[in-house]
Amino acid sequence: MQSSLSLSLSPHTSLTIPRPNQSSFATSAKPINLRFCGLRREALGDFSPLLTRRVHLNSITARRRSAANLVVSASLSGGNGSPPKSFDYDLLIIGAGVGGHGAALHAVEKGLKTGIIEGDVVGGTCVNRGCVPSKALLAVSGRMRELQSEHHLKALGLQVSAAGYDRQGVADHANNLASKIRNNLTNSMKAIGVEILTGVGTILGPQKVKVGSDKVVTAQNIIIATGSVPFVPKGIEVDGKTVITSDHALKLESVPDWIAIVGSGYIGLEFSDVYTALGSEVTFIEALGQLMPGFDPEIGKLAQRVLINPRKIDYHTGVFATKITPAKDGKPVIIELIDAKTKEPKDTLEVDAALIATGRAPFTQGLGLENVNVATQRGFVPVDERMRVIDANGNLVPHLFCIGDANGKMMLAHAASAQGISVVEQVTGRDHVLNHLSIPAACFTHPEISMVGLTEPQAREKAEKEGFEVSIAKTSFKANTKALAENEGEGLAKLIYRPDNGEILGVHIFGLHAADLIHEASNAIALGTRIQDIKLAVHAHPTLSEVLDELFKSAKVKAQVASPVSEPVAV
């Protein structure tokens, strides 16, 4: 996007971000258009419009630099402990996953000269070892379930012979999708002038980063977006063949007859859907007292009745897997279990394979954080509500931000992207605090699970502390015409709200296309829309969106006139 000259800020010029209560925001604020989806439109198709826009952005950038008293400079200055006097980039992002990509595109849109460092491959975990390839596998499992359900097909008047699959073909589908999205992400950034730097990024000092072994670059502002890696508890030996993480499982090198899945959260549930559809028997190992502990309890019980009980799945809850030994010399994988409370030996399992789905850990080692006096907390980079990095003394590190899995606030790809966009808003002079309670999450099982905001226990705890009432509304997919037409009436939508002012506290959905339906609720929370207003919205008939329409209409709100809801909560 930029010319070959290195443009930099004068050492006496800096961006000043007013506090939220300063009058400049009251007079100049415009609606913020946050892209909550990590993979924006530019990543999915034709790049010709971007090339046209690039010329326009060049002129915008030139004008902004002129206004900011920018000067031409090609030299680096200052030691590791002091900031440089000139900059190679307005914004430098360490990590080119979905979070870094979203921040980079928004930065260019705002007229910033932007560089992004990638030490592995563009796309990060989501594109290469997470969201994208897993959805390809889940698409296969969904088709297989439809073709294997004789009762379902018969109800639709269909007759299909026995369904089968080619394991390598399924694996290729996942790999090809990841490759396509990775290339699209790369091209989308190149098309608008984002400079992609290859190598490991290490912070040398204020506003200075080493790329690879010898290249040093400087930036007015830096965003850490290094993501995460699978977390493997002590005592578990991963060989990548019979004891695997999600990274290995997505390659689908084998479909074991019997696989144990350690952890029943999003990752474990989705892989249980894939493996059982392809013929495996699954055993869940869960440390807490019930399966799916992170979900709203009512939704979790329904999901267990539909996703676990009828399938070839059994489970052990309230136990730790203290030792897992890979299969070798003709022996199976051996899993030693102890009681989570008493720590007494509980059982020993012998299975064909084990998938470790115990969550993810931040990838922050080797970042050079010690050079700016930052100490991680359990590996996470400490930040405030504006994603500004906090040093070991509790002070903000100037011009340094951290987004996504590396800060641990909300380990979702689209949350990372939203955080990155929020940071860009700040460094370009507009204060913004992201409301994490408005960010949706989804589990792409069949049927799907989605949620936004608080669970019922969380809402009731908050209500008790703050002194307000909580009400619950529910609606069933069995009452929805479109769901019944698809013969997919199994499902529930649940609304948690304040009856005094109509504030939406949380929405949880289990059913057909739940992951797509949740966004009406998440956007309502983000915009502060009250139930008494959203009740007036019109939904096309017959569509699944009417599940949400009926849900909001069934809520009983005492206040019939407009009343303010509480301020967004920064998690």
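Start with the largest cavity, which holds about 50 Å³ of space in this predicted model. A search of the whole structure turns up 3 cavities of 30 Å³ or more.

To see the walls, select I203, G205, P206, Q207, I222, V372, V397, P398, H399 and L400, the residues that line the largest cavity. Two elements, β6 (201-205) and β20 (396-402), give two or more residues each to that lining. Color β20 separately, as the largest share of the lining, 4 residues, comes from there. What classes of residue make up the lining? By class, there are 7 nonpolar and 3 polar residues, and no charged ones.

Next, select β6. Is this strand mostly covered or not? Of its 5 residues, 5 are buried. Now add β7 (residues 208-211): the strands β6 and β7 run antiparallel and are joined by 4 bridges. One bridge to click on links G205 with its partner K208 in β7. The hairpin of β6 and β7 has 2 residues between the strands, and Q207 there takes a positive phi near 60°. Q207 and G205 should already be highlighted from your cavity selection, since both appear in the lining.

Time for another sheet. Select β21, β22, β25, β24 and β23, which in that order form an open sheet of 5 strands with antiparallel pairing. Why do β21 (441-443) and β23 (471-476) count as the edges? Each has a single partner strand, so one side of each is left without a neighbour in the sheet. Look along the sheet and you'll find a twist that averages 10° from one strand to the next.

Inside that sheet, zoom in on β22 (residues 448-453) and β25 (residues 504-511), an antiparallel pair with 6 bridges. A handy landmark is V452, whose bridge partner in β25 is V507.

Now bring up the helices. Helix α9 packs on the sheet and touches β21 and β22, with its direction at about 30° to that of β21. Show helix α12 (residues 456-466) too: this one lies across β22, β23, β24 (492-497) and β25, and runs at about 10° to β24.

For the last stop, pick A277, which sits in helix α9 (residues 266-277). Is A277 buried or exposed? A277 is buried, because its relative accessibility is 1%. Leaving aside neighbours within four places in sequence, show what A277 is in contact with: S141, M144, R145 and Q148. Finally, draw a C-alpha to C-alpha distance from A277 to G142: these residues are 135 apart in sequence, but 7.8 Å apart in space.

Conventions: Residues numbered from 1 in each chain as written. Predicted model: local features only at pLDDT ≥ 70, side-chain atom pairs only at ≥ 80, totals over all residues. Heavy atoms only, no water. Buried < 20%, exposed > 50% of the residue type's maximum accessible area, 1.4 Å probe, protein only. Contact = heavy atoms within 4.5 Å. 1 Å grid on protein atoms, 1.4 Å probe; cavity = no way out; pocket = protein on both sides within 12 Å on 5 of 7 lines; lining within 4 Å. Points joined across faces, edges and corners; volume = space filled by probe spheres on them. Nonpolar A, V, L, I, M, F, W, Y, C, P; charged D, E, K, R; others polar. Pairing = 2+ DSSP bridges. Axes fitted to C-alpha atoms, helices over the stretch in contact; angles between N-to-C directions.
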